[in-house]
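Please keep the viewer open beside this text, since each stop below proposes a selection and then says what is found there.

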Amino acid sequence: MNDLISQVQSLLENKTIDIFIGYEKGTRKPRPAFVSKAEEAGKLIFNENCSGNLAVYLTRKDLVEGKKVGIAASYYTLKNIILLFDENQLKEDHLRIITLSEKGEIQLLQSLEEIKQRLKEMSAPAKADEEEWVRKIDAMTVSERWAFWTEELSRCFKCYACRAACPMCYCTKCIVEINRPQWIQPWASVFSNMDWQINRVMHMAGRCSDCGACGAACPVGIPIHLLSHKMAEAVKENFGEPDEKGNVLSTFKPDDKENFIV
Amino acid sequence: MKRKYISRHSLMNCLKKVQTDGISLYAPVTRGEQTDFRFITSVDDLSFDSVQTVRSAKAVAFPCSEKLFSYTKEKNDVQLQDYNPDVLPEVLVFGLHPCDAVGFGPLGSIFNWDTQDKPYNERRKRLTLISLACTRADEYCFCTSVGGGPGNTEGSDIQLTPIQEDGYLAEIITDKGNEWYEKYSSFFEEAAEDIRKENYLVEIPVKFNIEEVERKMTELFESDIWQLQSERCIGCGACAFVCPTCACFDIQEDAHGNTGNRIRCWDSCGFALFTLHTSGDNPRSTQSQRWRQRLMHKFSYMPERLTVVGCTGCGRCSRACPVDMNLSDNLKMFNYE
Amino acid sequence: MNNNIYLPYLMIIEKIVEEAPGVKTFRLKFKDEEEAKEFKFKAGQFGEYSAFGEGECTFCIASPPTREGYIECTFREAGKVTSTLAAMEEGETMGFRGPFGNTFPMDEWKGKNLLFIAGGIALPPLRCVIWNALDMRDHFKNIQILYGAKSVADLVYKRELKEWEERPDVQLTVTVDPGGETPDWKGEIGFVPSILEKLGPSAENTIAIVCGPPVMIKFSFPVLDKLGFKSENIYTTLENRMKCGVGKCGRCNVGKMYVCKDGPVFSRALLETLPAEY
C-alpha cells in the first residue's frame with residue numbers, strides 16, 4: 001500500500017493531479033475517498049476488495065470540474081473510463097489512472113492508449129453469482145420470467161440508487177424527471193418500476209460496462225444488473241463489439257438488423 | 001405493566017388465530033440474504049433472527065405511494081371522492097425491533113403538528129405493534145446514542161423478549177396492547193417473578209452524546225464539515241426510503257382520461273430536484289447542502305420544532321448506502337471536545 | 001380527523017384576465033355556497049391550485065380579503081400545471097386548497113407609511129396587501145408603490161396601475177428595465193433598486209414591503225439600508241417550492257422554519273436568522 005500512497009503523494013506534490021479518487025477503509029468494505037492534499041494520502045488503500053465503481057465520480061462537476069484527476073481504477077472502472085472518453089465526458093490530459101496488476105502491484109496509466117492496452121491484458125473478474133442468476137433466468141419460460149421480474153420489481157421504491165451509482169447515468173435531467181410529457185410515473189408501482197428499469201436499460205444499450213454497480217447499489221436487493229447484463233449480451237450478439245464510432249444507439253449502419261422493429 | 005410468558009409454539013398459534021380473525025400480519029420475512037417486512041399469509045414465513053429488516057415498518061402507515069382522493073371530470077364540472085378509510089385493514093405489525101416501534105413517534109409528530117394528516121392517522125390507528133426486543137445487533141446499530149435501547153418499550157403495544165430457545169417474556173405496555181392481550185390471553189402463561197429482562201438484551205455501545213451533536217451541528221452550520229462528509233454521497237434516496245422517520249413526500253397526479261387519483265409518494269431531501277423551482281433556481285443546489293439539510297432536520301430542526309429527534313438509531317441508512325455514508329460515524333465527528 | 005387536508009375546494013373560474021404575455025389572472029368562486037361563507041383569509045396567505053389531471057401548484061391569493069365572495073390568483077405559464085390552467089376557460093372547474101401560511105401584520109402597521117416595492121410577476125402578493133390597505137385607507141399614512149418589470153408588456157394589473165396612478169392618496173412609480181420601454185412610455189426607465197435610490201423614500205415611521213425576483217431583492221435591501229430602514233421594518237415573501245402547503249412534505253423547510261407555515265411572509269430581521277436556502 002505504501003507504493004500507492006507514495007505514488008499519489010508525488011502526483012499531488014508535483015501538481016500532476018489536483019484530486020485523487022480512491023478507496024479508504026469503510027465499515028464493512030472499502031469505500032470511496034477523495035484526497036486533495038499529499039498529507040491526506042495515508043488513508044488510501046487499494047486491493048481486490050475495492051470493487052465499487054469510482055468512475056461515477058468522474059462526471060461529478062462539483063468534485064472534478066476544471067481539475068486534473070487521479071483515480072484508482074479496477075477492471076470495470078477502466079472500461080467505464082473508455083466509455084466516458086467515447087462520449088466526450090473526459091479529457092485525456094486531465095486524467096491519471098492507477099490500476100492493480102495481477103500480482104497486486106500499482107501501475108500508473110498516463111494515456112487512453114495505455115488504458116486500452118492494459119484492458120486487453122486484463123481478464124474480467126469472475127462473477128459466479130451473476131452467472132448462476134443468468135442461467136436460472138435463461139432457463140425460464142417467458143411467463144416465468146415475467147412473474148420473476150414482476151415479483152422482484154414490486155419491491156422497488158424508486159430511490160434511484162441504481163441511477164446514482166452508474167457511471168454512465170450522467171444526464172443532468174433524467175427521463176424520470178421530465179414531466180411534459182410524463183414518460184414515467186414518478187411514484188412506485190410494479191408497472192412504473194418496470195417502465196423505469198426498461199428505460200434505464202435501453203438507455204444503457206451498448207454503453208454499459210457490465211460492472212454491476214446498479215445491482216450492488218439497490219438497497220432492496222433487486223438484481224437489476226442482470227437486465228443491463230442481458231442487454232449487453234443482446235447488443236453484442238446482434239450488433240457486434242462496440243467500436244470507436246460510438247455506441248449502438250447513437251450510430252447507424254446500413255446493414256444493421258431491423259428484425260426487432262415491430 | 002403486565003408481564004406474561006408465551007412459548008414460541010403458543011405464539012405461532014396465536015398469530016395464526018390473529019390471521020383467522022381477519023387481522024393482517026405485517027412482519028419480517030427472509031428471502032435470500034435480505035430480511036424485509038411483508039404482509040404474510042403463512043406464519044411459517046416469519047423470520048425471528050434478523051438483526052434488522054432492510055426497510056423500516058413505516059410503509060404500513062405511510063405507504064410508498066398512496067391515493068389521497070379521486071376525481072371525475074364531466075364537461076365543466078368535477079366530482080371529488082374523498083379518501084376512504086373504510087377499506088383499510090386492521091394490521092398487526094409483528095417482530096419489529098424497538099427502534100422501529102419508537103419511529104412511529106417522530107413520524108406521527110411530522111404528520112400531526114399543527115394539522116392532522118388523515119391518511120396517516122387512519123392507517124396508524126389500525127395498527128397494533130408487537131415488538132421483539134434485541135438480543136443481537138451489528139456495528140451499524142446506535143439506538144442507545146439517540147435515547148433508545150434494545151429493550152426500549154416506547155411505541156410498542158406489547159414487547160416480547162426472547163428469554164430461552166422457545167419462549168418469550170411478554171410485556172403488555174399500552175391499553176391497546178392490553179385489549180389485544182385480553183383477547184388472546186389463553187395463549188399466554190404467567191411469567192416467573194425473577195425474570196430479569198436486561199439479562200437477555202444485547203449490549204449496544206453509546207457512540208456519541210446526542211445533545212452535544214445537536215449543539216455542535218448548529219454551531220458548525222457554515223463549516224466545511226458538511227462538504228467533507230458528503231463528498232462521496234451520490235444523491236440517491238436509499239437512506240431516506242429505508243428510514244423509519246423520514247416523511248418527505250411528493251404529490252402527483254395519476255390521471256386516466258376523465259378520472260384519476262391524487263397520489264402522495266415518498267420523496268427525499270437528498271434528491272437534487274427536491275427543492276428546484278420552476279424558474280430554475282435551486283435553494284439547495286449542492287449535495288453538501290442537501291446532506292446538511294438531512295442531518296439538521298433530524299438532529300436540530302425536529303428536536304426544536306417537534307421536541308423529538310428524527311432518528312431512532314436503527315442504522316438502516318448506513319446499511320443501505322451504496323457508498324457507505326455511515327451516519328453514526330459522521331455524527332461522531334460532531335461530538336468532540 | 002374527519003377533514004382531509006389534501007382534498008381541495010371546487011372552484012369555478014368566473015373571469016379570466018390576460019395581464020401580460022403568459023400571465024393570467026383568474027377570479028374563482030366557490031362551487032359550494034356554504035364553503036364560500038365559511039372561507040376567511042388574510043393578506044399574504046397562499047393556496048394550492050389544482051388542475052385535475054395534472055396536479056397542483058402554489059400561488060398567493062392576489063385579491064384582498066376585504067373583497068368577499070371570490071378569490072383571485074395571478075400566474076405565469078411555466079410548468080406542467082400552470083400551462084394546463086392557462087388553457088382553461090371561464091366556467092370550468094378547478095381546485096383550491098387553502099388559505100395557508102401566515103399573514104402580513106397589517107394591524108401592527110396601522111398609523112404608519114407603507115412603501116411597496118415589487119418586481120415583475122411578484123406584484124400579485126403585494127396587490128392583495130395594497131388593496132387591503134386602500135380599502136381601509138384611513139388606517140395608514142402615505143402609501144407609496146414602486147413597481148418595475150422587464151418591459152411595458154410585462155407589467156401586470158395595467159388597469160389597476162392606472163387606477164392607483166389617478167388616486168391622490170397613492171404615490172405610484174412604474175419603471176421598466178432599460179430597453180423595455182415603448183416610444184410612448186412615460187414612466188421611469190431603470191432597475192427597481194436604482195429607481196428606489198432616486199425616489200429616496202423616508203424610513204421614518206415607514207414599513208417597506210418588498211417582493212420580486214431574488215436579484216431585485218438582493219440589490220434593493222442595501223438601498224433600504226442606506227435610506228435608514230431597520231430590518232424589522234422590511235417585509236418580503238418567500239417563494240420556496242411547496243407541495244403540501246401544511247408543513248409536512250418537507251420541501252419548503254428552511255432552517256427550522258417551514259415557509260408554508262411560518263411564512264410566506266417574513267420580516268427581513270427574521271430572514272437574517274435563517275440559512276440562505278430560499
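Select residues 2–121 of chain A and colour them as domain 1, then give residues 128–250 a second colour as domain 2, for these are the two domains into which chain A of this predicted model is divided. If you place a marker at the C-alpha centre of domain 1 of chain A and another at that of domain 2 of chain A, the two markers lie 26 Å apart. Where the domains touch, the contact takes 12 residues from domain 1 of chain A and 11 residues from domain 2 of chain A, and on the side of domain 1 of chain A that touches domain 2 of chain A there are 6 nonpolar, 4 polar and 2 charged residues.

Next, select chain A as a whole and switch to a cartoon, in which 10 helices and 6 strands can be traced. Its radius of gyration is 19 Å, close to the 18 Å that the globule rule gives for 262 residues, so chain A is as compact as a globular protein of that length. Along the principal axes, the C-alpha atoms of chain A fill a box of roughly 60 × 45 × 40 Å, and buried residues make up 39% of the 262 residues in the chain.

Finally, bring chain B into view and select the contact between the chains, which takes 25 residues from chain A and 31 residues from chain B. On the chain A side, strand S2 (31–35), helix H2 (61–64), helix H7 (161–165) and helix H9 (213–217) each supply at least two residues, and by class that side of chain A has 17 nonpolar, 5 polar and 3 charged residues.

Note on methods:
Residues are numbered from 1 along each chain as its sequence is written. Chains are lettered from A and ligands numbered from 1 in the order in which they are written. This is a predicted model: local features need pLDDT of at least 70, side-chain atom pairs count only at pLDDT 80 or more; totals for chains, interfaces and linings use all residues. Two residues are in contact if their C-beta atoms, placed from the backbone, lie within 7 Å. Helices (H or I, at least four residues) and strands (E, at least two) are DSSP runs, numbered from the N terminus. Ala, Val, Leu, Ile, Met, Phe, Trp, Tyr, Cys and Pro count as nonpolar, Asp, Glu, Lys and Arg as charged, and the others, Gly among them, as polar. The radius of gyration is taken over C-alpha atoms; the globule rule is 2.2 Å times the number of residues to the power 0.38. A residue is buried if 20 or more other C-beta atoms lie within 10 Å of its own, exposed if 12 or fewer, and partly exposed in between; C-beta atoms are placed from the backbone. Domain bounds come from an automatic or database domain assignment.
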